[in-house]
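Trainee: Before we discuss details, may I see the model that we are to examine?

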Amino acid sequence: MAKIRERSLGLGSQCAFTFLGTGAGEGVPIVGCDCDICYSVERSSFTERGWRTRSCALLDVGCKSILLDCGPDIRTQLLNVRTIRRLHSSLYSKTSPYSFSGQRESFSDTSNQEKESNGIETGAISEIFLPDEIDYVLLTHWNFDHVGGLIELNHTWRPDRLASKEKIELLLTEHAQQGYRSLEGSLFRTSAPDGTKRASEDVEDVFIYTVVEPYKCYKLFTEHIDERLAYSVEVIPIETYHTPDSVAFAIYITRYEDLGDETGDKNSNSLKESRKEIVYLTDSPYEMPEKTREIIKDSDLLIMDCTFYKNVEEKGFKYHMDTEDCIRLVRETNPKMAYVTHISHRNLEYDDLIDLFGDMRNLGVAYDGLRFELF
Ligand SMILES: [Zn+2]
Ligand SMILES: [Zn+2]
């Protein structure tokens, strides 16, 4: 069935990555916490980069939307991307301040909003990305800050899906499946006085799921943008030592472009193929299986757990990384670009993290709403 979607597929909106949330389990600031970080962030404007909702990201490939985890802030996050960025379109970068060619603009340019919009192409409102229906959710593990918004997806506007009975596909591990099963029956609206079901919606009507195994490759889809351009997406779950069978995801996006006669050489192969590897590594300690480390190596984009500032082991939080772990991991695995996310109030504020990573050309600090094109 043809999808009726209003999303613009204007230039620059075909394949993009968006950080919807970049905070650790409680977000930043934490309600009621009066530590220096929370105190300072709570008194700053909502648009400041210290405000962090729970970690979540969105990969946008043509008309397909893939969520990476689905925490309890999902509704606000999707609305923020749709609404706040539309209102502040001058701040909305179609391109990253960081390029995948390995060149990064100076940090002073990226920490200042006026300077950031200077020289970076910003999207016209009609071309701004507006996520609507979610097609896939890749779940890293069954912790509340990563799955607490799943049921909320039932409250997004899904006319196409309801008409076609198309469901949102979850990819989850065996352990997460047990958590998911506990949701069954939770969407029934038993509001009739006699307790009978009023609407026929249960989690099974909204989701289908695939239990994934580490290090196996799962093909999600091939998306044809037009006659000459298509993308395909494959994912490999990779083990992490965070919770029982928690995983990170290595995501491979292949772009196929038919150059036609443009090359001018009739004998040349006119099909151009390029590939990007994105690794979404949250949550994870620095220790990880060797196989995982192998897959992470030389990725195009590495996104890392950076819950703490320093001495994560000494503090007894050995299931996450700190800033030193992240620096080590970037040096060892050599990604073209890396970002830290899942940042807690036990870490530094945004500007101080920027200063800390200042001399590393391929390590940046994510913030809620950061979005960039992948090709
Ligand atoms: Zn987490
Ligand atoms: Zn705090």
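Trainee: In the hairpin of β2 and β3, which residue takes a positive phi?

Mentor: G62 does, with a phi near 55 degrees, and the hairpin has 2 residues between its strands. Please note that this is a predicted model, in which local features need pLDDT of at least 70 and side-chain atom pairs count only at pLDDT 80 or more, while totals for chains, interfaces and linings use all residues. Residues are numbered from 1 along each chain as its sequence is written, and chains are lettered from A and ligands numbered from 1 in the order in which they are written.

Trainee: What makes a stretch a helix or a strand, and how many of each are there in the chain?

Mentor: They are DSSP runs, numbered from the N terminus: H or I over at least four residues for a helix, E over at least two for a strand. On that basis the chain comes to 11 helices and 14 strands.

Trainee: How do you know that β2 pairs with β3, and in which sense do they run?

Mentor: Strands pair if DSSP finds at least two bridges between them. Strand β3 (residues 64–68) is joined to β2 by 5 bridges, and the two run antiparallel; V61 stands opposite K64 there. Strand β1 (residues 15–21) also meets the criterion, with 6 antiparallel bridges to β2, and in that pairing A16 faces D60. A16 has a bridge partner in β14 as well, namely E373; β1 and β14 are antiparallel over 3 bridges.

Trainee: Into what sheet do these strands fit, and which are its edge strands?

Mentor: The sheet is open, with 7 strands in the order β6-β5-β4-β3-β2-β1-β14 and mixed pairing. β6 (207–211) and β14 (371–373) are called edge strands because each pairs on one side only.

Trainee: Why is strand β2 said to be largely enclosed by the rest of the structure?

Mentor: A residue is buried if 20 or more other C-beta atoms, placed from the backbone, lie within 10 Å of its own; it is exposed at 12 or fewer, and partly exposed in between. In strand β2 (residues 56–61), 6 of the 6 residues are buried, so the description follows. C56, L58 and D60 point one way and A57, L59 and V61 the other, and all are buried. Over the chain of 375 residues, 39% count as buried.

Trainee: Is E223 called buried, exposed or partly exposed, and why?

Mentor: E223 has 18 C-beta neighbours inside 10 Å, so it is partly exposed. This residue belongs to strand β7 (residues 218–226). Contact requires C-beta atoms within 7 Å; beyond four places in sequence, the contacts of E223 include V61, G62 and K64.

Trainee: What makes β7 an edge strand?

Mentor: β7 lies in an open sheet of 7 strands, ordered β7-β8-β9-β10-β11-β12-β13, with mixed pairing. β7 and β13 (363–365) each have a single partner strand, so one side of each lacks a neighbour in the sheet. Further inside, β9 and strand β10 (residues 271–281) are antiparallel over 10 bridges, with T254 opposite R275.

Trainee: How do you know that the buried residues of helix α10 lie on the same side?

Mentor: The buried residues are T323, D325, C326 and L329. They cover an arc of only 155 degrees around the axis, which places them on the same side of α10; the arc is that of the directions from the helix axis to the C-beta atoms. These buried residues pack against β11, β12 and α11 (350–356), whereas the opposite face carries the exposed R331 and E332. Just after α10, N334 has a positive phi of about 55 degrees.

Trainee: What makes a group of residues a nonpolar core, and which residues have the most contacts inside the largest one?

Mentor: A nonpolar core is a set of buried Ala, Val, Leu, Ile, Met, Phe, Trp, Tyr and Cys residues joined through C-beta atoms within 7 Å. The largest has 81 residues, and Y280 and M304 have the most contacts inside it. Strand β9 (residues 247–258) gives the most to this core, 6 residues. Leaving aside neighbours within four places, M304 touches L281, M321, C326, L329, A338, V340 and T341. In soluble globular proteins, nonpolar side chains tend to be buried together.

Key. Contact = placed C-beta atoms within 7 Å.
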